[in-house]
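Colleague: Got a minute to go over this model with me? I'd like the quick tour.
Modeller: Sure, let me pull it up.

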Amino acid sequence: MTATETSDLLASCYCGAVGLHCEAKPKSVIHCHCQQCRRLSGAAFTTWLSLPREATVISGATNLQQFAASENGLRHFCKQCGTHVFTEDKRLPGILGVPAGILSTPLTSKPSGHYFFSDKADWSFCHDDLPKFGGASGFERIDV
């Protein structure tokens, strides 16, 4: 049975030195428009999966390099190709934040909303019906 025949998710860095295999559906899927995510991805926003750590196997972990992006966030990158593979946040123990762009299997869970929308790039336009969140916390419901 392949991962696409189950709910399993497969992901890897660009060069394939690091891989993820999660046997559970994401706890959430969101679009984040904060400046840190934009700078990290080089895109208008990053789509994040919140994966349960206990259901996720990391292969090639010796190829990971860590970067403390904040007092709470620890980002993990491939040492070989630089791909951002996952983030851990002290405020969310047991959760891995995985950028959806590294998935190699289809994502059947849909994003629940746009977060830090007040901080979005001024050149970015969003025309979907997903709820928007922003304000000081990035998580306050806003009408746009």
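**Burial, fold and cysteines**

Modeller: This is a predicted model. Of the 144 residues in the protein chain, 43% count as buried.

Colleague: How many helices and strands does the protein chain have?
Modeller: The protein chain has 1 helix and 12 strands. From the N terminus the order is β-β-β-α-β-β-β-β-β-β-β-β-β.

Colleague: What about the radius of gyration?
Modeller: The protein chain has 15 Å. A compact globule with 144 residues would have a value near 15 Å, so the two agree. The C-alpha trace spans about 45 × 35 × 30 Å along its principal axes.

Colleague: And contacts between residues at least 6 apart in sequence: what share joins residues at least 24 apart?
Modeller: That share is 48% in the protein chain.

Colleague: Switching to the surface. How much is exposed?
Modeller: About 8200 Å², with carbon and sulfur atoms supplying 52% of it.

Colleague: Charges?
Modeller: There are 13 positive and 13 negative side chains. The centres of the two sets lie 4 Å apart.

Colleague: How many disulfides?
Modeller: The structure holds 0. C13 is in no disulfide, and its nearest cysteine sulfur, in C78, is 3.7 Å away.

Colleague: Is C13 buried or exposed?
Modeller: C13 is buried, at a relative accessible area of 3%.

Colleague: Why is there no bond between C32 and C34?
Modeller: Their sulfurs are 3.6 Å apart, which is too far for a bond. The cut-off is within 2.5 Å. C32 also counts as buried, at 7% relative accessibility.

How values were computed: Residues are numbered from 1 along each chain as its sequence is written. This is a predicted model: local features need pLDDT of at least 70, side-chain atom pairs count only at pLDDT 80 or more; totals for chains, interfaces and linings use all residues. Side-chain values use heavy atoms; hydrogens and water are left out. Helices (H or I, at least four residues) and strands (E, at least two) are DSSP runs, numbered from the N terminus. The radius of gyration is taken over C-alpha atoms; the globule rule is 2.2 Å times the number of residues to the power 0.38. Buried means under 20% relative accessible area, exposed over 50%, partly exposed in between (1.4 Å probe, protein chains only). Contact means heavy atoms within 4.5 Å. Accessible areas come from the Shrake-Rupley method with a 1.4 Å probe; for residues, only the protein chains shown count as cover. Lys and Arg count as positive and Asp and Glu as negative; His and the chain ends are not counted. The place of a charge is taken as NZ of Lys, CZ of Arg, CG of Asp or CD of Glu.
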